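Could you walk me through this model the way you would with a colleague at the next desk? I would like to learn how to read its features one at a time.

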Amino acid sequence: MTPTRSILPIIALIAASGCTETRIVEERGVITLRDLQPGGLRPVRADQPSQTSAGFESVLMTDELPGTPAEDDPLRRTMPDRSVRLFSFSPRHLIHHLQVTIQNNEPELIDQYLISESLKDHYTAQRRDPREIPDFLIKNARDVQRLLKLLPLGENTPGATFEDIGRNRFRLAPLGADMLELRYHALQLSIEDGQFRLLMLE
């Protein structure tokens, strides 16, 4: 991997860093999300997109969410103290929030709700400030948004590959990503505390 294809050179190391801060939310099978298998929450087959989305959301989403939903964005909610909270119960939710927060220049929301603790811990271990991550995403918005726009439905985007790469860790790439002139070709995601977070860009 070349530096031009990663958010920052050290982000690419996260895959091999050995961080184990994610937790098993619920053990599910690869095909139906009903059979119990070891190793964490796993996706259903990519050729069954409706089951994939419904599976993640049915497992992770709670019946009642706190706060008042935005008019056009039910997973962006205003809390009683007037702060904003984002919820990402599937990869497509996370991608949507990344697009909006990058466009709106909202590094605090990116840092608090969209970046994985595993990645932050890795930065801290490297004596880097984790706040560099949202700042970098915003600074490089054009390249990051080009990838995100190729995944408008997240894991349900036609032709996209969605792979299980470890316990509660996944890789999502658009169709033909390696043949496109993109700086970033895939997202790696993790489930932490019952929600999807960005683990790295490739």
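What follows is a short dialogue on the fold, the sheet, the aromatic rings, the backbone and the pocket.

Q: Where do we start, and how many helices and strands are there in the protein chain?
A: Start by noting that this is a predicted model. Then take stock of the elements: the protein chain has six helices and seven strands. Read from the N terminus, the order is α-β-β-β-α-α-α-α-α-β-β-β-β. As for burial, 50% of the 202 residues count as buried.

Q: Which order do the strands of the open sheet of four strands have?
A: For a sheet, look at the strand order, the pairing sense and the edges. Here the order is E4-E5-E6-E7, and the pairing is antiparallel. The edge strands are E4 (161-166) and E7, as each of them pairs on one side only. From one strand to the next, the twist averages 30 degrees.

Q: How many bridges join E5 and E6?
A: Follow the bridges along the two strands. E5 and E6 (residues 187-192) are paired in the antiparallel sense over four bridges. To fix the register by eye, find Leu 172, which stands opposite Leu 187 in E6.

Q: Let us turn to the rings. How many aromatic pairs are there?
A: Two things matter for a ring pair: the distance between centres and the angle between planes. The count comes to three aromatic pairs. One of them joins Phe 162 and Phe 170: this pair is stacked, at 5.4 Å centre to centre with 25 degrees between the planes. Both of these residues, Phe 162 and Phe 170, are buried.

Q: Why is the pair of Phe 170 and Phe 196 called tilted?
A: The angle decides it, because planes under 30 degrees apart count as stacked and those over 60 as edge-to-face, with the rest tilted. The planes of Phe 170 and Phe 196 stand at 40 degrees, with the centres 5.9 Å apart, so the pair is tilted. Phe 170 belongs to strand E5 (residues 169-173) and Phe 196 to strand E7 (residues 195-201), so this pair ties together parts that are 26 residues apart in sequence.

Q: Are Phe 170 and Phe 196 buried or exposed?
A: The cut-off for buried is under 20% relative accessible area. Phe 170 has 0% relative accessibility, so it counts as buried. Phe 196 also has a relative accessible area of 0% and is buried. To complete the picture, Phe 162, Phe 170 and Phe 196 form one aromatic cluster.

Q: What is the phi of Arg 82, and where does this residue lie?
A: When reading the backbone, pick out positive phi values in residues that are not glycine. Arg 82 has one, of about 75 degrees. Its place is in the loop between E2 and strand E3 (84-86), and at 73% relative accessibility Arg 82 counts as exposed. Asp 193 is another case: its phi is positive and near 55 degrees. Asp 193 sits in the loop between E6 and E7 and counts as exposed at 61% relative accessibility.

Q: Last, the largest pocket. Which residues line it?
A: With a pocket, ask about its volume, its lining and the elements that supply that lining. About 180 Å³ of space lies in the largest pocket. Among the lining residues are Asp 72, Asp 73, Arg 92, His 93, His 96, His 97 and Leu 153. Strand E2 (73-78) and helix H2 (91-103) are the elements that give two or more residues to this lining. H2 gives the most, with six residues. By residue type, the lining divides into five nonpolar, four polar and three charged.

Conventions: Residues are numbered from 1 along each chain as its sequence is written. This is a predicted model: local features need pLDDT of at least 70, side-chain atom pairs count only at pLDDT 80 or more; totals for chains, interfaces and linings use all residues. Side-chain values use heavy atoms; hydrogens and water are left out. On a 1 Å grid over the protein atoms alone, a cavity is a set of points where a 1.4 Å probe fits but cannot get out, and a pocket is an open set with protein on both sides within 12 Å along at least five of seven lines; lining residues have an atom within 4 Å of a point. Grid points are joined across faces, edges and corners, and a volume is the space filled by probe spheres set on the points. Ala, Val, Leu, Ile, Met, Phe, Trp, Tyr, Cys and Pro count as nonpolar, Asp, Glu, Lys and Arg as charged, and the others, Gly among them, as polar. Rings of Phe, Tyr and Trp (its six-membered ring) pair if their centres lie within 6.5 Å; planes under 30 degrees apart count as stacked, over 60 as edge-to-face and the rest as tilted. Buried means under 20% relative accessible area, exposed over 50%, partly exposed in between (1.4 Å probe, protein chains only). Two strands pair if DSSP finds at least two bridges between them. Axes are lines fitted to C-alpha atoms, for helices over the stretch in contact, and angles run from 0 to 180 degrees between N-to-C directions.
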